[in-house]
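Here is a short, informal tour for someone meeting this structure for the first time. Have a look at the picture, then read on.

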Amino acid sequence: MKNNLLNCLCFFIAFTAMAQTKSLQKSPPLTEASPASVDMSAERLQRIDAMCQEAIEEGQVPGIVALVARKGKIVYHKAFGHANIATDKAMEKDAIFRIASQSKAITSTAVMMLWEEGHFQLDDPVSKYIPEFKNPQLLKNFRYSDTTYTTEPAEREITIRHLLTHTSGLGYGMIDGDERFKMMYQKAGVTDLFTTEDITIEESVKRLAQLPLHHNPGDAYTYSEGLDVLGYFIEVISGMPFDEFLQERLFDLLGMDDTGFYLPDSKADRLVAVQHKVDGAWEPLPVTFYDPEYPIKGAKTFFSGGAGLSSTARDYATFLQMYINGGELNGTRFLSRTTIQSMMANQIGDLWEGTGRHYGLAFGVLNKEGEAMGGRGSSGTFDWGGYFNTQYFADPVEDIIGIIMKQTRGPVDDQTGWKFRLLVGQAVDN
C-alpha cells in the first residue's frame with residue numbers, strides 16, 4: 001500500500017508540474033519538427049526504421065505505421081510494408097486502422113467530460129440511468145448441453161466506476177476467457193466488438209444487462225464490454241447519439257478528421273486490410289464472428305464504445321497530446337488537469353499488484369516498479385492497445401508519445417511493440 005501511494009504521489013508531482021507549465025499558454029496542434037529541436041536523436045530514431053523493416057522481412061507483420069512525438073512536435077512518422085499484400089497496396093502514413101480497444105480511452109474521456117458537468121457521480125449505480133441493470137445476478141450453475149444456467153444475487157450494484165475499470169463482472173462474449181460466457185452472450189444476441197448488422201448499442205446493452213456476471217462488482221478485474229455500456233450511457237446522459245457526441249465534443253475540436261466509427265466512401269481505400277497468416281503467407285482475414293469490412297460496409301448503426309473506432313496514427317497522437325497537455329489542445333479545454341490526475345490514479349487497488357502497472361479510469365499506467373524494469377517509460381506513462389495489433393504509449397514526464405499501428409489477427413511472432421517502445425526511449429538526447 002505504501003509503495004502504491006508513493007508511486008501515485010511521484011506521478012502527480014511530475015504530471016502537475018508539467019501541466020501547470022503548459023497551462024500558461026494554449027497548446028498548438030501537433031506539427032512536424034526536427035528531432036534535435038526537441039532533444040531527440042535523429043540517428044537513434046533511425047533504429048526504428050531497421051526494426052520495422054526487419055519485422056516485415058521476417059514475416060512478423062505485413063505493414064507498419066510508426067509515429068513519435070515530443071513536446072508537441074512530430075519527429076518521426078513513417079510507413080513500412082503493405083496495407084494489403086493481396087492487392088500489392090503499399091502502406092501510407094495516413095492509412096486508417098481499426099483501433100479496436102484503443103476506442104476505450106476515447107469513450108472514457110467522453111464519460112469524464114460529462115462527469116465534470118455534474119451529471120452523475122462515479123459511484124452511482126448504472127441502473128440509475130439504465131434500469132435494466134438493476135439487481136445484477138452472478139452465474140451459479142451452467143449446463144453445457146442446452147446453455148441453461150442458474151444465478152444468485154450479486155452483493156452490490158454495478159457502478160460507473162466499475163464499468164470504467166473493468167471490475168463490473170461483465171464479460172466479453174466471443175473473446176471472453178470463459179466459454180460459458182461466450183455461449184450465453186451469443187445465445188442472447190449480444191453484439192461483441194463491431195458488426196455490419198442493423199443493431200444499436202441500446203439494443204445490445206439491454207440484452208447484456210439481463211445476463212449474469214463473472215463475479216461481484218469490484219471484486220476482480222475482468223476485461224469486459226463495460227465501455228460499450230458506457231457508450232449507451234453517454235447517449236442517455238447527453239441526449240445525443242454516441243457517434244454525434246464524439247464528433248461534436250471531441251473529434252471536430254481536436255482536428256481528428258480521420259477518426260470515427262464508419263468511413264465515407266472517399267476514405268475507404270485508406271483502410272488497412274486485416275491480415276492473417278495462412279501456410280506462412282499473409283492473406284486478408286475472412287469473416288468470422290465479425291466482418292472485417294465493418295467500417296466501410298453494412299448497416300453502420302452500431303457504435304461500439306469499447307472497440308468500434310477507426311483512426312490514423314496522427315489522429316490518435318493528437319488525442320494523446322491533449323492528455324499530455326493536462327486536458328487542453330488547440331485552445332480548447334476538454335478535461336481539467338485535476339480530473340486527469342484522478343483518471344491516472346490507481347483505481348483497482350492491488351488487482352494488478354506485481355505487474356509494474358495499475359489501471360486508472362481510461363488507461364494502464366506504469367508505476368515506479370515498472371519504470372525500474374526498463375524500456376517502458378517513466379512512472380506515469382499510460383498505454384493500451386487494440387485487438388488488431390495496434391499499440392500506443394504516452395510518457396508525461398518526458399513529454400513523449402509513441403504509436404505503432406499494424407493490422408493483423410491470429411498467432412504471429414510480432415516483437416515490434418516492445419522494441420518500438422524501447423527504441424523511442426533510447427532516442428532521448430538530453
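## A hairpin to start with

Keep in mind that this is a predicted model. A good place to begin is the hairpin made by β6 and β7, which has 4 residues between its two strands. In that turn sits T147, and its phi is positive, at about 60 degrees.

Strand β6 covers residues 137-143 and strand β7 covers residues 148-153. The two run antiparallel, and 6 bridges join them. One pairing to look for is R143, whose bridge partner in β7 is T148.

## Salt bridges: the overall picture

Now for the charged side chains. In general, side chains of opposite charge can pair when their charged atoms come close. How many salt bridges does a search of the whole structure find? The count is 19.

One of them is between E155 and R156, with 3.3 Å from N to O. E155 is exposed, because its relative accessible area is 59% and the cut-off for exposed is over 50%. R156 counts as partly exposed, with a relative accessibility of 33%.

## A network of four

Another salt bridge brings together the side chains of R270 and D94, at 3.5 Å from N to O. R270 is in the loop between α8 (242-254) and β8 (275-278), while D94 is in the loop between β4 (89-90) and β5 (97-98), so this pair ties together parts that lie 176 residues apart in sequence. As for cover, D94 is partly exposed, with a relative accessible area of 39%.

D258 and K267 make a salt bridge too, and their closest N and O atoms are 2.8 Å apart. Are these two residues buried or exposed? Both D258 and K267 are buried. Salt bridges with shared partners join D94, D258, K267 and R270 into one network.

## A negative patch on the surface

Finally, look for a patch of negative charge on the surface. Which residues form it? They are E54, E57, E58 and D413.

E57 belongs to helix α2, which spans residues 42-57. With a relative accessible area of 69%, E57 is exposed. That value also fits the patch, because patch residues need over 30% relative accessible area and no salt bridge.

Notes. Residues numbered from 1 in each chain as written. Predicted model: local features only at pLDDT ≥ 70, side-chain atom pairs only at ≥ 80, totals over all residues. Heavy atoms only, no water. Patch = residues over 30% accessible without salt bridge, like charges linked within 9 Å, V, L, I, M, F, W, Y side chains within 5 Å. Areas by Shrake-Rupley, 256 points an atom, 1.4 Å probe, with all protein chains shown as cover. Salt bridge = Lys/Arg side-chain N within 4 Å of Asp/Glu carboxyl O. Lys, Arg positive; Asp, Glu negative; His and termini not counted. Charge placed at Lys NZ, Arg CZ, Asp CG, Glu CD. Buried < 20%, exposed > 50% of the residue type's maximum accessible area, 1.4 Å probe, protein only. Pairing = 2+ DSSP bridges.
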